[in-house]
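Here is a short briefing for a first look at this structure. Keep the model in view while reading.

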Amino acid sequence: MEEIEIIKPDDWHVHFRDNDILKAVVPETTRQFARAIVMPNLTPPILNAKQAIEYKKRIKKHIPKSDDFKPLMTIYLTENTNKNELKDAYKNGSVFAVKLYPAGATTNSESGVKNIYNIMHVLETMAEINMPLLIHGEVTDKDIDIFDREKEFIDRYLDFICKELPELKITLEHITTSDSVSYVKEANENLCASITPHHLALNRNDLLAGGIRPHNYCLPILKSETHRQTLIKSAISGDPKFFLGTDTAPHLVYDKENSCGCAGIFNATYCLSILAQIFENEKALNKLESFTSLNGAKHYNIKPNKEKIKLIKSSKPIIFKNTLDVNEHKIQIFDPTFHVFWNVL
Ligand code: NCD
Ligand code: ZN
């Protein structure tokens, strides 16, 4: 039997939600990951340290006793964010990073930033104290094609931010295009990018060809095969600029299979199995640990985890569970449909 051992991974981008969904999804992440950056796009969003601390307490209630897991909290940046409060929250350790959503870019982003120039003073403070900025990098203008929104964000805003504040630590999250890969590679060491398992596993045909598949709908939207290939190359390269952020984003089946379905793929359950398979298919299993367990920690200036996990390859493909129960409702579990042989021990 083939097996590999790697340092326990971290998930640098997770949506835990609240209430019943929170209870159902937290253990799916804590089983495999030692730490995760928790997104603040609840309704209402997490806007300050007090709310982040309360949310962290609610998350901790649902971590199984057997799992040693640390949630890293974020604040949702608005044009009213108070930079002195932010400074205190970072210095006393209650908040790990700040999330920038352009207003209207994705699920629960209505309170996001409308005009980037209005938050530059906050970013300046963050640069001074070394607090990371996490960016959903898509413009939201109706006249920009949904497939071009990531590149347009780089051209219009990211480049501006990076030039104004080269010392600001930035993660361009869940990148989906060759344009982002090139931009991040060429930028200074403070700009890194996270990549999701679903953007490594799927292209836009998996969303749109042969019938529309709402469970493969996410933002940024799936792109063409050429872009997917570039993402794979970056993930398996070992380049410290690229690391895992699953963007696991649970919605109830009812809200996905809808005339106006929600964006988000719930991929926590088989995330590491799927990644191991993708890396093995590329003959790059030896680079899995850098992507899942080393590069992100380096970017965020924290030590890699001490514990290790084992992955074992079975002779038959794993049979995926379809759904996760939330009381009488269900969340669809991400299944890339190719064969996956790797189990996390
Ligand atoms: C996320 C969600 O549902 O909160 N959806 C998604 O498609 N990724 C929001 C986000 O990260 O864009
Ligand atoms: Zn997300």
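A pocket is an open set of grid points with protein on both sides within 12 Å along at least five of seven lines. A volume is the space filled by probe spheres set on the points. The model shown here is predicted. Its largest pocket holds about 350 Å³ of space. The points below start there, then turn to the enclosed cavities, the zinc ion and some buried parts of the chain.

**The largest pocket**

- The lining of the largest pocket consists of 21 residues, and R17, D18, N19, L42 and T43 are the closest to its centre.
- Two elements, α1 (19-30) and α2 (49-60), each give two or more residues to that lining.
- Sorted by class, the pocket lining has 8 nonpolar, 7 polar and 6 charged residues.

**Enclosed cavities**

- Rolling a probe the size of a water molecule over the atoms shows where empty space is left.
- The count is 2 cavities of 30 Å³ or more.
- The largest cavity has a volume of about 130 Å³.
- Its lining has 19 residues, with H15, T106, L219, D247 and A249 nearest the centre.
- By class, that lining has 6 nonpolar, 10 polar and 3 charged residues.
- The second largest cavity holds about 30 Å³ of space.
- Residues lining the second largest cavity include T176, H199, L202, K223 and R228.
- Helix α9 (residues 225-236) supplies the largest share of this lining, 3 residues.
- The second largest cavity is lined by 3 nonpolar, 4 polar and 2 charged residues.

**The zinc ion**

- Which residues are the protein donors of the zinc ion (ligand 2)? They are H13 (NE2), H15 (NE2) and D247 (OD), at 2.0 to 2.1 Å from the ion.
- Along the chain, the donors are spaced as H-x1-H-x231-D.
- H13 and H15 are both buried.
- Two of the donors, H15 and D247, are also among the residues nearest the centre of the largest cavity.
- Why is the arrangement around the zinc ion (ligand 2) irregular? The 4 donor atoms subtend angles of 90 to 140°, and four donors count as tetrahedral if all angles lie between 85 and 135 degrees.
- Ideal angles are 109.5 degrees for four tetrahedral donors.

**Helix α4**

- Helix α4 (residues 120-129) is mostly covered, with 7 of its 10 residues buried.
- The buried residues of α4 are M120, V122, L123, T125, M126, A127 and I129.
- They pack against α3 (83-91), β5 (97-100), β6 (133-135) and α5 (149-164).
- An α-helix has 3.6 residues a turn, so residues three or four places apart point the same way.
- N130 comes just after α4 and takes a positive phi of about 75°.

**Two buried helix residues**

- H299 sits in helix α12 (residues 288-299).
- Its relative accessibility is 4%, so H299 counts as buried.
- Leaving out residues up to four places away in sequence, H299 touches K169, I170, T171, E189, N190, C192 and F243.
- Q277 belongs to helix α11 (residues 271-281).
- Is Q277 buried or exposed? Q277 is buried, because its relative accessible area is 4% and the cut-off for buried is under 20%.
- With residues up to four places away in sequence left out, Q277 touches F338, H339, V340, F341 and W342.
- Q277 and N343 lie 66 residues apart in sequence, and their C-alpha atoms are 9.8 Å apart in space.

How values were computed
Residues numbered from 1 in each chain as written. Chains lettered and ligands numbered in written order. Predicted model: local features only at pLDDT ≥ 70, side-chain atom pairs only at ≥ 80, totals over all residues. Heavy atoms only, no water. 1 Å grid on protein atoms, 1.4 Å probe; cavity = no way out; pocket = protein on both sides within 12 Å on 5 of 7 lines; lining within 4 Å. Helix = DSSP H or I, 4+ residues; strand = E, 2+ residues; numbered from the N terminus. Nonpolar A, V, L, I, M, F, W, Y, C, P; charged D, E, K, R; others polar. Donors = N, O, S within 2.8 Å, 3.2 Å for Na, K, Ca; no water. Tetrahedral: all angles 85-135°; square planar, octahedral: opposite > 155°, others 65-115°. Buried < 20%, exposed > 50% of the residue type's maximum accessible area, 1.4 Å probe, protein only. Contact = heavy atoms within 4.5 Å.
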